[in-house]
Amino acid sequence: MAVMKVIEVMASSSVSWEEATKNAVEHASKSVKHIKSAFVQSQSVVINDNEVSEFRVNVKITFEVK
């Protein structure tokens, strides 16, 4: 039986929510090993001068504890 742990990570991108999600997983993988899944809990944007300037995600990352 595997033991799993969930952490919550916030990340952003100037391009898209998809890139923000990739950024969250990439950054978490620098210190967390055995990542199994990522769940985007929420999405938001920053607006500057009536334009979307930043995409933000709150991601729950699940990894196996060895």
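The legends below accompany a set of close-up views of a predicted model.

**View 1. The whole chain at a glance, with one helix and three strands.**
Following the sequence, you will meet these elements in the order β-α-β-β. The C-alpha trace spans about 50 × 20 × 15 Å along its principal axes. Of the 66 residues in the chain, 26% are buried. The chain exposes about 4800 Å², and carbon and sulfur atoms supply 51% of that area. Where contacts join residues at least 6 apart in sequence, 62% of them link residues at least 24 apart.

**View 2. Strand β3 and its two antiparallel partners, β1 and β2.**
Strand β1 covers residues 3–13 and is joined to β3 by 11 bridges. A good place to start on this side is Val-9, which stands opposite Val-59 of β3. On the β2 side, 12 bridges connect the two strands. Here Val-46 faces you as a landmark of the pairing, standing opposite Glu-54 in β3.

**View 3. The turn of the hairpin formed by β2 and β3.**
Two residues lie between the strands of this hairpin. Take a moment for the backbone of Asp-49, which has a positive phi near 55 degrees.

**View 4. Trp-17 and Phe-55, an edge-to-face aromatic pair.**
How many aromatic pairs does a search of the whole structure find? The search finds one, formed by Trp-17 and Phe-55. Their ring centres are 5.2 Å apart, with 75 degrees between the planes, and the pair counts as edge-to-face because that angle is over 60 degrees. Trp-17 belongs to helix α1 (residues 17–28) and Phe-55 to strand β3 (residues 51–65), so the pair links parts of the chain 38 residues apart. Are the two partners buried or exposed? Trp-17 is partly exposed, at 30% relative accessible area, whereas Phe-55 is buried at 16%.

**View 5. Thr-62 and its surroundings in strand β3.**
Thr-62 has a relative accessible area of 17%, and it counts as buried because this value is under 20%. Leaving aside residues up to four places away in sequence, Thr-62 touches Met-4, Lys-5, Val-6, His-34, Ile-35, Lys-36 and Ser-37.

**View 6. Lys-36 and Glu-64, one of two salt bridges in the structure.**
The closest N and O atoms of this pair are 3.7 Å apart. Lys-36 sits in strand β2 and Glu-64 in strand β3, so the salt bridge ties together parts of the chain 28 residues apart in sequence. Glu-64 is buried, with 18% relative accessibility. Lys-36 may be familiar from the previous view, as one of the residues that Thr-62 touches.

**View 7. Arg-56 and Glu-54, joined by a salt bridge.**
The side chains meet with an N to O distance of 3.3 Å. Arg-56 is partly exposed, at 39% relative accessibility. Glu-54 is also partly exposed, with a relative accessible area of 21%. You have met Glu-54 before: it is the residue of β3 opposite Val-46.

**View 8. A nonpolar surface patch made by Val-45, Ile-47 and Val-52.**
Together these residues have about 230 Å² of accessible area. Ile-47 is in strand β2, which covers residues 35–48. With a relative accessibility of 49%, Ile-47 counts as partly exposed.

Notes: Residues are numbered from 1 along each chain as its sequence is written. This is a predicted model: local features need pLDDT of at least 70, side-chain atom pairs count only at pLDDT 80 or more; totals for chains, interfaces and linings use all residues. Side-chain values use heavy atoms; hydrogens and water are left out. Patches are made of residues with over 30% relative accessible area and no salt bridge: like charges are joined within 9 Å, nonpolar side chains (Val, Leu, Ile, Met, Phe, Trp, Tyr) within 5 Å. Accessible areas come from the Shrake-Rupley method with a 1.4 Å probe; for residues, only the protein chains shown count as cover. A salt bridge is a side-chain nitrogen of Lys or Arg within 4 Å of a carboxyl oxygen of Asp or Glu. Helices (H or I, at least four residues) and strands (E, at least two) are DSSP runs, numbered from the N terminus. Buried means under 20% relative accessible area, exposed over 50%, partly exposed in between (1.4 Å probe, protein chains only). Rings of Phe, Tyr and Trp (its six-membered ring) pair if their centres lie within 6.5 Å; planes under 30 degrees apart count as stacked, over 60 as edge-to-face and the rest as tilted. Contact means heavy atoms within 4.5 Å. Two strands pair if DSSP finds at least two bridges between them.
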